[in-house]
Every structure is written in C-alpha cells, then in structure tokens.
Amino acid sequence: MAQGNGLLDATPVPGGEVLGGVAVRATSGPGVLVQWDADRQILVIGGDSVGRAALAEQLLAMATAEDGGHLHIDYFPGHAYLADGSLSLVVNSPHGGMPLERGGRVES
C-alpha cells in the first residue's frame with residue numbers, strides 16, 4: 001500500500017460479488033480514492049504517497065489488533081487522506097470483527 005503499486009490477486013467468482021483482488025496505484029492525488037472495478041471484481045486504491053501511508057498505517061493497526069474489532073473508512077469533507085468519491089469500507093480484524101458480549105461482559 002505505502003509503496004504505491006501492486007496487485008493482491010484472488011480467483012473471482014464469475015457474475016458474483018466476491019472480491020477478486022486489491023490493486024494499489026501511485027497517483028498524484030490529492031489523497032486516496034477507493035473505487036470498485038466491477039469488470040475485474042477488484043478494489044482499486046489510488047493516491048498520493050502521504051495518503052497511502054496513512055491508510056496503510058490504519059490497515060496495519062487493524063491487522064495486528066489482537067482483541068478483534070473493525071475499522072470504518074468513510075469519506076467526509078476535510079478527511080485527512082480520503083478523496084471525495086471514495087467508497088466506504090469496513091475492515092475486520094483477522095481476530096474477529098467484534099468482541100463477543102456474554103452475560104453482561106464483553107469478551108474478545
């Protein structure tokens with residue numbers, strides 16, 4: 001993400017809405033624009049180096065969060081790194097999207 005070019009590829013399901021990959025592109029910005037390429041079924045993330053670095057930092061923090069959780073990435077006017085027109089994303093921790101609530105207490 002921070003380096004600016006690459007493709008994480010997966011096998012898409014024809015006609016499905018399954019993520020087939022993530023492409024990252026270095027662009028002049030400003031900011032990061034997240035788009036959906038329906039033909040290739042990939043998420044395309046393009047942006048300037050500062051914006052890509054900020055997004056990469058947030059994704060890494062979520063990937064290493066040992067107690068689970070999720071991250072909402074949504075554009076709003078004045079956003080620190082997202083460009084107007086970016087898709088909204090919800091990124092789940094690999095340790096679970098939400099801590100479990102049991103008997104009035106939260107467990108992760």
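**Entry 1: Leu87 and its patch**

I opened with Leu87, which came out as partly exposed at a relative accessible area of 34%. A quick reminder to myself before going on: this is a predicted model. I placed Leu87 in the loop between strand S5 (70–73) and S6. What kind of surface patch does Leu87 help to make? I found a nonpolar one of about 270 Å², made by Leu19, Trp36 and Leu87. The 34% fits that role, because patch residues need over 30% relative accessible area.

**Entry 2: the overall fold**

Next I stepped back to the whole chain. I noted one helix and eight strands. Reading along the sequence, I wrote down the pattern β-β-β-β-α-β-β-β-β. I also looked up burial, and buried residues make up 31% of the 108 residues.

**Entry 3: the largest pocket**

Then I went looking for empty space. I got a volume of about 350 Å³ for the largest pocket. I listed 16 lining residues, and the closest to the pocket's centre are Met1, Val22, Leu43, Ile45 and Leu59.

Which elements supply at least two residues of the lining? I noted strand S1 (5–9), strand S2 (21–26), strand S4 (42–47), helix H1 (49–63) and strand S6 (89–92). S1 gives the largest share, four residues.

I sorted the lining by class as well. I counted 12 nonpolar residues and four polar ones, with no charged residues in the lining.

**Entry 4: the salt bridge**

How many salt bridges does the chain have? My count came to one. I traced it to the side chains of Arg40 and Asp37, which meet at 2.9 Å, N to O. That counts as a salt bridge because the distance falls within 4 Å. I checked the cover on Arg40 too, and its relative accessibility of 41% makes it partly exposed.

**Entry 5: backbone oddities**

I moved on to the backbone and stopped at Gly29 and Pro30. A cis peptide bond joins the two, with omega of about 5°. I located Pro30 in the loop between S2 and strand S3 (32–37).

Gln41 was my next stop. I noted a positive phi of about 55° there, although Gln41 is not a glycine. Gln41 lies in the loop between S3 and S4. Is Gln41 buried or exposed? I have it down as buried, because its relative accessible area of 9% is under 20%.

**Entry 6: two C-alpha distances**

I finished with two pairs of residues. Leu33 is in strand S3, and I logged it as partly exposed at 27% relative accessible area. From Leu33 to Asp48 I count 15 residues along the chain, and their C-alpha atoms are separated by 9.4 Å.

For the second pair I took Asp74, which I found in the loop between S5 and S6. Asp74 is partly exposed, with a relative accessible area of 31%. I paired Asp74 with Gly85, 11 residues away in sequence, and read 9.9 Å from C-alpha to C-alpha. Leu87, where I began, lies in the loop between S5 and S6 as well.

Key
Residues are numbered from 1 along each chain as its sequence is written. This is a predicted model: local features need pLDDT of at least 70, side-chain atom pairs count only at pLDDT 80 or more; totals for chains, interfaces and linings use all residues. Side-chain values use heavy atoms; hydrogens and water are left out. On a 1 Å grid over the protein atoms alone, a cavity is a set of points where a 1.4 Å probe fits but cannot get out, and a pocket is an open set with protein on both sides within 12 Å along at least five of seven lines; lining residues have an atom within 4 Å of a point. Grid points are joined across faces, edges and corners, and a volume is the space filled by probe spheres set on the points. Ala, Val, Leu, Ile, Met, Phe, Trp, Tyr, Cys and Pro count as nonpolar, Asp, Glu, Lys and Arg as charged, and the others, Gly among them, as polar. Patches are made of residues with over 30% relative accessible area and no salt bridge: like charges are joined within 9 Å, nonpolar side chains (Val, Leu, Ile, Met, Phe, Trp, Tyr) within 5 Å. Accessible areas come from the Shrake-Rupley method with a 1.4 Å probe; for residues, only the protein chains shown count as cover. Buried means under 20% relative accessible area, exposed over 50%, partly exposed in between (1.4 Å probe, protein chains only).
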